[in-house]
Amino acid sequence: MTSQLHQTSTGVLSATVAELPDTNRFARWRADTGITKDGSDFVSSWVDSDNSHDLAEATNKPLWVDSVINGQPVVRSDGSNDILSVASGITQAQPITAVAILRQRSWAANAQLFDGSAANTFYAQQKGTTPALVHFANGAGTTNSIAGANGVPTVGTSSNFFILFSHFDGASSYQQVGSNAAVSGGNPGTVGLTGSFNMFAEKGGSGRHSNIDIAEIALYSADPDHTDVLAYALEHYGI
């Protein structure tokens, strides 16, 4: 739903506020709500506002940082050992679309943005030798990637937040950044979510930690309306 002004029968103008599409959405984490943190703003829990697939971590906690993007907060991982996980109960077959509002604060080959925490599951990672590269793949299949020339901003600048669409659907999989052209042609296999989910590190939390800011991430069982996602991101985050 996009923002529009409407004139009522009494002549009063009312605004329709852009919202992130909720049709087929089965998980959503927003940095501006559902955060449990300590006195130093380290996050121990991040509530899924849709279906109680809450992310949690007792030791290696990411940092909540206020007023980072258009006055909105983010959850920041340090690239060293930070992780948040859904331990069990999040199961979804392909197709799956992940929609994320994020920036890459730094880059390291194979650092994971998110991971389904099971053998041959889907994941998104930084890949290759170009710092602007975001990549998704599946251990059971070939790879599909998107490079800076196709829309991913360079890392390490204050303005490089972007909208990432990662769509997992076998040979129909694609990645897209904002309104740039989608990149397809790979096949990341057919495995979906099989119970658990990690943010900021690979399955099991054993390494490949990323140094990123996440303002919001949502998971869908079908591709959401991109026009509505872009309108929401523009109104809420200014991108």
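This report describes the fold, the charged pairs, the nonpolar interior and two buried polar residues of a predicted model.

## Overall architecture

The protein chain contains one helix and 19 strands. Of its 239 residues, 49% are buried. The accessible surface of the chain comes to about 9700 Å², and carbon and sulfur atoms contribute 47% of that area.

Contacts across the sequence also form part of this picture. Among the contacts in the chain with a separation of 6 or more, 62% are between residues 24 or more positions apart. Several of the pairs described below can be read with this in mind.

## Salt bridges

Side chains of opposite charge can pair when their charged atoms come close. A search of the whole structure finds eight salt bridges. One of them joins the side chains of D50 and R25, with a distance of 2.5 Å from N to O. These two residues belong to distant parts of the chain, 25 residues apart: D50 is in the loop between β5 (43-46) and β6 (55-56), whereas R25 is in strand β3 (residues 25-30). The partners also differ in their exposure to the surface. D50 has a relative accessibility of 26% and therefore counts as partly exposed, while R25, at 14%, counts as buried. The cut-off behind this distinction is 20% relative accessible area, because buried means a value under that figure.

Strand β3 also holds R28, which forms a salt bridge with E216. The closest N and O atoms of E216 and R28 are 2.7 Å apart. Because E216 lies in strand β19 (residues 212-220) and R28 in strand β3, the pair ties together parts that are 188 residues apart in sequence. Both E216 and R28 are buried.

A further salt bridge links K37 and D41, whose closest N and O atoms are 2.9 Å apart. K37 has a relative accessibility of 36% and so counts as partly exposed; D41, at 25%, is likewise partly exposed. In addition, salt bridges that share partners join R76, R103, R105 and D213 into one network.

## Aromatic pairs and nonpolar cores

The structure has three aromatic pairs. One of these is formed by W29 and F197, whose rings are stacked, with 5.4 Å from centre to centre and 5 degrees between the planes. Since W29 lies in strand β3 and F197 in strand β18, this pair connects parts of the chain that are 168 residues apart in sequence. W29 counts as buried because its relative accessibility is 0%, and F197 is also buried, with a relative accessible area of 0%. Ring pairs link W29 and F197 with F114 in a cluster.

The three residues of this ring cluster appear again in the nonpolar interior. The largest nonpolar core has 34 residues, of which W29, I90, F114, F197, M199 and L219 touch the most other members. Another core, of 17 residues, lies apart from it and includes V65, V74, Y220 and V229.

## Two buried polar residues

S210 is situated in the loop between β18 (193-199) and β19. With a relative accessible area of 1%, S210 is buried. A polar atom of the S210 side chain lies 2.7 Å from the backbone oxygen of Q112. When residues up to four places away in sequence are left aside, S210 touches S77, D78, G79, A111, Q112, L113 and F200. Q112 thus appears both in this list of contacts and as the partner of the S210 side chain.

Q126 also occupies a loop, between β12 (122-125) and β13 (134-138). At 1% relative accessibility, Q126 counts as buried. The side chains of Q126 and Q104 are joined by a polar contact of 3.1 Å. Along the chain these two residues are 22 residues apart, and their C-alpha atoms are separated by 9.1 Å. The side chain of Q126 also reaches the backbone nitrogen of A108, at 3.2 Å. Its polar partners therefore include a side chain, that of Q104, and a backbone atom, that of A108.

Methods:
Residues are numbered from 1 along each chain as its sequence is written. This is a predicted model: local features need pLDDT of at least 70, side-chain atom pairs count only at pLDDT 80 or more; totals for chains, interfaces and linings use all residues. Side-chain values use heavy atoms; hydrogens and water are left out. A salt bridge is a side-chain nitrogen of Lys or Arg within 4 Å of a carboxyl oxygen of Asp or Glu. Helices (H or I, at least four residues) and strands (E, at least two) are DSSP runs, numbered from the N terminus. Buried means under 20% relative accessible area, exposed over 50%, partly exposed in between (1.4 Å probe, protein chains only). Contact means heavy atoms within 4.5 Å. Accessible areas come from the Shrake-Rupley method with a 1.4 Å probe; for residues, only the protein chains shown count as cover. A polar contact is a pair of N or O atoms within 3.5 Å; within protein, one must be able to donate a hydrogen and the other to accept it, and residues adjacent in sequence count only if both atoms are side-chain atoms. Rings of Phe, Tyr and Trp (its six-membered ring) pair if their centres lie within 6.5 Å; planes under 30 degrees apart count as stacked, over 60 as edge-to-face and the rest as tilted. A nonpolar core is a set of buried Ala, Val, Leu, Ile, Met, Phe, Trp, Tyr and Cys residues joined through side-chain atoms within 4.5 Å.
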